[in-house]
Amino acid sequence: MAKITFVTTDNESIILEGASGSIMQLAVDNGVSGIDGDCGGVCSCATCHVHVAPEHVEKTGEASEIETDMLELNDHANEYSRLCCQIEITDALDGLVLQVAESE
Amino acid sequence: MSENLSNDRTCVVIGASHGGVNFAFSLRKAGWEGNIILFDKDPVLPYHRPPLSKGYLANKDAIEKNFLKSVESYEKENIVLKLGVTVTSINRSENSVILKDGSVQVYDKLILATGARPIIPSIKGIETISNLYSLRTAEDVENIRNALTISQHKSVVVIGGGYIGLEVAASLQKMGASVTVLEREQRILARVTAPEMSTFFKELHAKNGVDVQTDKNVISFNAKEGVNTIICSDGSSFEADIVIVGVGIHVNLELAKNAGLEIENGIRVDATAQTNDKDIYAIGDCTFHHNPHYDRFIRLESVQNAVDQAKVAAAAICGKPLVYDTLPWFWSDQYDIKLQMVGLSTGYNKVLIRNEESENPKFSIWYFKDDTLLAVDAVNNAKAYVLGTKFIKGNKKIDQSKLIDSTIDFKPANLLIE
């Protein structure tokens with residue numbers, strides 16, 4: 001199990017526990033505001049944009065090329081940006097903190 | 001006078017797929033405190049539809065992995081799901097809907113998210129084919145998977161070379177079937193893409209062992225001693241254990257039509273997704289709506305439109321109107337190819353192709369009407385998709401000679417004409 005903290009754009013902290021699946025799915029299942037996952041997790045819609053806490057980038061790894069490309073012209077993207085449908089939950093992610101990005 | 005949103009008001013939604021479910025959650029979020037009741041004749045908890053013909057079919061996942069929202073999410077937001085329930089009519093004078101078992105549900109607001117159903121063409125002998133399927137629901141996938149498991153030769157003929165047909169072909173090929181696609185037009189994807197894209201996908205399928213045949217107009221079926229034969233107008237014939245039909249959809253308009261709502265090529269709605277009855281809204285595949293960017297009325301079969309209209313309708317009902325003003329976008333996954341599309345190419349008179357240097361196919365097709373960019377199809381090229389979206393939204397003028405020069409870095413500043 002991994003405990004993951006989502007900080008929404010209203011600065012609400014939501015702590016969720018997940019064992020498998022993607023972080024997007026965990027967030028959608030628990031109604032985290034700002035994470036929609038409209039495409040179902042195939043990196044086609046960019047509605048699951050989060051910023052990984054800088055000290056946790058090592059846990060999640062960096063964004064893949066398609067994630068970076070999807071966020072290329074997004075005003076709220078930065079070096080910590082990820083599309084969280086592309087992050088699989090594992091025990092190693094325990095303690096992860098994610099800031100939900102402003103929507104475009 | 002502002003409307004009083006008291007707790008005993010009821011919003012009824014017919015259709016619990018992308019449109020209906022997103023609407024219900026958006027409505028709650030927008031402040032609706034009354035009841036929300038979703039009806040769908042599909043008994044399965046609402047799920048993502050696009051993966052059905054793609055990864056979901058081939059990966060043999062359970063449908064649970066594909067749910068739009070968890071059971072707990074509906075409970076938490078007090079959204080009532082009535083699944084496996086068919087609504088048979090709408091009584092506008094009483095503000096109620098009548099269910100198949102005769103019971104009546106009253107509404108203050110009614111949302112039609114009735115979607116569409118696959119066309120099963122009335123071709124001679126089609127009723128004799130036992131293993132004939134279309135693909136729209138989780139049950140369809142289950143039936144196709146089972147049929148393939150027990151089929152002797154694992155031979156499949158897919159009728160229709162549109163996105164659904166091609167995605168199913170790619171998935172079934174991955175599952176070990178021997179697949180032939182029969183397309184009536186001269187090229188696959190003829191209605192939706194440029195010839196260059198049709199050629200690309202035809203070659204892609206050939207490379208992966210799927211036989212794509214064009215100019216094949218199916219005129220009759222013949223099932224004898226367990227062998228299904230598909231006969232075309234040019235005299236050619238094909239045999240298959242399983243036949244999949246992907247030739248388009250019928251919009252589910254019957255409820256709206258019988259209720260006397262305004263119908264054109266879909267249920268006609270305004271910019272807030274409202275029908276000509278102030279208490280009834282319609283969203284998603286079943287609507288005929290105005291797209292401000294292209295300034296014309298259209299009907300769209302897409303997740304994007306279902307979700308966007310859901311938000312617009314929810315906002316309007318809660319007295320915070322948004323105006324529907326989004327660009328259509330779509331995607332398709334076949335083999336290791338990711339196709340992303342933005343905009344509507346209808347009416348284009350020029351196509352430009354930009355090829356990136358890459359080991360795998362990576363290119364984009366740009367549809368123009370004179371100097372105006374209408375749409376972009378991007379193959380394994382999310383950057384082109386994103387740039388295209390930005391340019392179309394902003395009505396930007398593009399330097400077309402720079403666009404097709406892949407040595408010029410793919411950045412707005414390099415491509416736009418001031």
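How many helices and strands are there in chain B? In this predicted model, chain B holds 11 helices and 27 strands.

The overall dimensions of chain B were examined next. A compact globule of 418 residues would have a radius of gyration near 22 Å. The value for chain B is 23 Å, which agrees. Along the principal axes, the C-alpha atoms fill a box of roughly 70 × 60 × 35 Å. Of the 418 residues in chain B, 44% are buried. Contacts in chain B often link distant parts of the sequence: among those between residues at least 6 apart, 61% join residues at least 24 apart.

Helix 1 of chain B was then considered in detail. This helix covers residues 18-29, a run of 12 residues. At 1.5 Å a residue, helix 1 should span 16 Å. The C-alpha atoms at its ends are 16 Å apart, so the expected and computed spans agree.

Helix 1 of chain B is mostly covered, with 9 of its 12 residues buried. The buried stretch includes His18(B), Gly19(B), Gly20(B), Val21(B) and Asn22(B). Phe23(B), Ala24(B), Phe25(B) and Leu27(B) are buried as well. Both strands and a helix contribute to the cover over these residues. Among the covering elements of chain B are strand 1 (10-14), strand 2 (35-40) and strand 3 (79-83). Strand 7 (109-112) and helix 8 (303-317) of chain B also take part. Just after helix 1, Gly31(B) adopts a positive phi of about 110 degrees.

Note on methods:
Residues are numbered from 1 along each chain as its sequence is written. Chains are lettered from A and ligands numbered from 1 in the order in which they are written. This is a predicted model: local features need pLDDT of at least 70, side-chain atom pairs count only at pLDDT 80 or more; totals for chains, interfaces and linings use all residues. Helices (H or I, at least four residues) and strands (E, at least two) are DSSP runs, numbered from the N terminus. The expected span of a helix is 1.5 Å times one less than its number of residues. A residue is buried if 20 or more other C-beta atoms lie within 10 Å of its own, exposed if 12 or fewer, and partly exposed in between; C-beta atoms are placed from the backbone. Two residues are in contact if their C-beta atoms, placed from the backbone, lie within 7 Å. The radius of gyration is taken over C-alpha atoms; the globule rule is 2.2 Å times the number of residues to the power 0.38.
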